[in-house]
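Work through the following exercises with the sequence and the coordinates side by side. Each task is followed by a solution that goes step by step.

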Amino acid sequence: MDFSQLNKARAASFNQQKALLRKLGQGKTILCETCSEPLSLDLATQGIKQGVVCCAKGCTHIELEIG
């Protein structure tokens with residue numbers, strides 16, 4: 001089995017999400033690809049060492065593990 005294409009897609013997705021987090025952390029406005037609502041970065045979630053990136057409608061929801 002050749003996993004090279006899967007690995008490339010996974011790496012590209014990771015790098016895209018990392019860039020998105022960097023821009024949100026800098027205070028830039030990033031729009032959801034689905035609904036065009038602004039994404040928000042919430043680091044004050046109930047879980048310890050967790051954060052969430054989401055849009056108001058919920059079509060983008062990325063859970064973060066911090067630390």
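pLDDT is the predictor's confidence in each residue, on a scale from 0 to 100, and helices (H or I, at least four residues) and strands (E, at least two) are DSSP runs numbered from the N terminus. The model is a predicted one, in which local features need pLDDT of at least 70 and side-chain atom pairs count only at pLDDT 80 or more, while totals for chains, interfaces and linings use all residues. Residues are numbered from 1 along each chain as its sequence is written, and side-chain values use heavy atoms, with hydrogens and water left out.

**Exercise 1. Confidence**

Find which element of the protein chain has the lowest mean pLDDT and which has the highest.

Solution. Begin with the whole chain, whose mean pLDDT is 89, with 96% of its residues at 70 or more. Then take the elements in turn: strand 3 has the lowest mean, 88, and helix 1 (residues 4-25) has the highest, 92.

**Exercise 2. The sheet**

Determine the strand order of the open sheet and the sense of its pairing.

Solution. Two strands pair if DSSP finds at least two bridges between them. The sheet has 3 strands in the order 1-2-3, paired antiparallel; its edge strands, each pairing on one side only, are strand 1 (40-42) and strand 3 (61-65). From one strand to the next the twist averages 15°, where axes are lines fitted to C-alpha atoms (for helices over the stretch in contact) and angles run from 0 to 180 degrees between N-to-C directions.

Next, count the bridges: 3 join strand 1 to strand 2 (residues 50-54), with Ser 40 partnered by Cys 54 in strand 2, and 5 join strand 2 to strand 3, with Val 53 partnered by Ile 62 in strand 3. Finally, strand 2 and strand 3 form a hairpin with 6 residues between them, and in its turn Gly 58 has a positive phi of about 90°.

**Exercise 3. Strand 3 and the core**

Which residues of strand 3 lie on its covered face, and which on its uncovered one?

Solution. The covered face holds Ile 62 and Leu 64, whereas His 61, Glu 63 and Glu 65 form the uncovered one. Leu 64 counts as buried at 16% relative accessibility (buried means under 20% relative accessible area, exposed over 50%, partly exposed in between, with a 1.4 Å probe and protein chains only). Beyond its neighbours within four places in sequence, Leu 64 is in contact (heavy atoms within 4.5 Å) with residues including Leu 21, Leu 41 and Val 53.

Both residues of the covered face also belong to the largest nonpolar core, which has 9 residues, among them Leu 24, Ile 30 and Val 53; such a core is a set of buried Ala, Val, Leu, Ile, Met, Phe, Trp, Tyr and Cys residues joined through side-chain atoms within 4.5 Å.

**Exercise 4. The cysteines**

How many disulfides does the structure hold?

Solution. A disulfide is a pair of cysteine sulfur atoms within 2.5 Å, and the structure holds 0 of them. For Cys 32, the closest cysteine sulfur is that of Cys 59, 3.5 Å away and therefore too far for a bond. Cys 55 is likewise in no disulfide, the nearest cysteine sulfur, in Cys 59, being 3.4 Å away. As for accessibility, Cys 32 is buried at 3% and Cys 55 is buried at 5%.
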